[in-house]
Amino acid sequence: MTEPSWERVDAFFESHLVPPDPVLEACLRASEAARLPSIQVSPSQGKLLHLLARAIGARRILEVGTLGGYSTIWLARALPEDGHLISLELDPRHAEVARANLRRAGLESRVEVRVGPAIESLPKLAEEGGAPFDLVFIDADKPSTRAYFEWAERLSRPGALIVVDNVVRRGELANAASADPNVLGMRAFVESLTNDPAVTATGIQTVGRKGYDGFLLARVEAERTRGREPRSAGSSPGNRRRAR
Ligand code: SAH
Ligand code: DHB
Ligand code: MG
């Protein structure tokens, strides 16, 4: 076998479900020309982010970790004309490439790339007191994930979605002996959600172009419903009614 079957399956999905897109292709070419690392979400993952944003009618999106703006374009394209996306990026060079890519995508009026350590940009966002976010995509330095997630919860409306990339790390997530700071960061992050009534969360493993990894999806709960995890069949009012 020349390539793992999951790469061929990703290519098959893309050939039927993700039509060729000159803007996204130019974004990847420009990122490569500028020697940015090729670690952006895959086309199918980008489209998943886009679909999640559309599914909840997101009007305000926050991204932590812009790189060349590939995931940013997928997300921003889900916004209505008056929607807004703020993307936080540490590296000014990455931000520059991303801004050019977003301009080419015709998204500059809807997207703002803020340069600096996200851990400093996030409290500033809170101080500004803008409208809460409907969706947050966390995809930056992995050891800081837990801190970013806490800010994401704080900056989001009830019902908002938080997506966290690269949680599984080739399965190392389940290796309690790992000394990799990225793995330690993700383990501490997942552990921090144990019995957290503020969010309802799940972890999904993925294979594909980017190998074996996975993401975590969380819904921010309203104060008053916090702690309401799905009940077993038969015990929830909805199920009881249907069973009769
Ligand atoms: N979301 C992008 C990929 C992001 S890669 C996509 O899928 O297209 C991770 C990015 O996070 C890199 O550009 C890196 O420079 C940035 N980053 C790393 N540490 C950061 C920090 N402390 N604050 C903000 N961004 C950071
Ligand atoms: C890495 C970072 C990412 O955001 C990703 O999706 C894949 C790999 C990394 O730092 O290696
Ligand atoms: Mg990632």
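User: Before I go hunting for holes in this model, what counts as a cavity?

Analyst: A cavity is a set of grid points where a 1.4 Å probe fits but cannot get out. Keep in mind that this is a predicted model. The structure holds one cavity of 30 Å³ or more, and about 30 Å³ of space lies in the largest cavity.

User: Okay, and which residues line the largest cavity?

Analyst: Cys 27, Leu 28, Ser 31, Gln 40, Leu 67, Gly 68, Gly 69 and Tyr 70. Helix H2 (residues 22-33) gives the most to that lining, with three residues. By class, you get four nonpolar, four polar and no charged residues.

User: What about the open kind, then? What volume does the largest pocket have?

Analyst: A pocket, unlike a cavity, is an open set of points. The largest pocket here comes to about 940 Å³. It has 46 lining residues, and those closest to its centre are Ile 39, Asp 139, Lys 142, Asp 165 and Asn 166. Helix H3 (43-55), strand E2 (84-89), strand E6 (199-208) and strand E7 (211-220) each put at least two residues into the lining. The class split is 19 nonpolar, 14 polar and 13 charged.

User: Now the metal. Which protein atoms are donors to the magnesium ion (ligand 3)?

Analyst: With a metal, look for the N, O and S atoms around it. For the magnesium ion (ligand 3), the protein donors are Asp 139 (OD), Asp 165 (OD) and Asn 166 (OD1), 2.1 Å away. Along the chain they follow the spacing D-x25-D-N. Asp 139 sits in the loop between strand E4 (133-138) and helix H7 (145-155), while Asp 165 is in the loop between strand E5 (156-164) and helix H8 (181-192); the pair links distant parts of the chain, 26 residues apart.

User: Are those two aspartates buried or exposed?

Analyst: The cut-off for buried is under 20% relative accessible area. Asp 139 has 15%, so Asp 139 is buried. Asp 165 is at 8%, so Asp 165 counts as buried too.

User: Last one: which residues surround ligand 2?

Analyst: Start with the neighbours, then check the polar atom pairs. Ligand 2 is surrounded by Ile 39, Asp 139, Lys 142, Asp 165, Asn 166 and Lys 210. For oxygen atoms of ligand 2, a polar side-chain atom of Asp 139 lies 2.7 Å away, and one of Lys 142 lies 3.1 Å away. An N or O atom in the side chain of Asp 165 is 3.2 Å from a ligand 2 oxygen. Asp 139 and Asp 165 are also donors of the magnesium ion (ligand 3).

Key: Residues numbered from 1 in each chain as written. Chains lettered and ligands numbered in written order. Predicted model: local features only at pLDDT ≥ 70, side-chain atom pairs only at ≥ 80, totals over all residues. Heavy atoms only, no water. Donors = N, O, S within 2.8 Å, 3.2 Å for Na, K, Ca; no water. Helix = DSSP H or I, 4+ residues; strand = E, 2+ residues; numbered from the N terminus. Buried < 20%, exposed > 50% of the residue type's maximum accessible area, 1.4 Å probe, protein only. 1 Å grid on protein atoms, 1.4 Å probe; cavity = no way out; pocket = protein on both sides within 12 Å on 5 of 7 lines; lining within 4 Å. Points joined across faces, edges and corners; volume = space filled by probe spheres on them. Nonpolar A, V, L, I, M, F, W, Y, C, P; charged D, E, K, R; others polar. Near = heavy atom within 4 Å. Polar contact = N/O pair within 3.5 Å; in protein donor to acceptor, adjacent residues only side chain to side chain.
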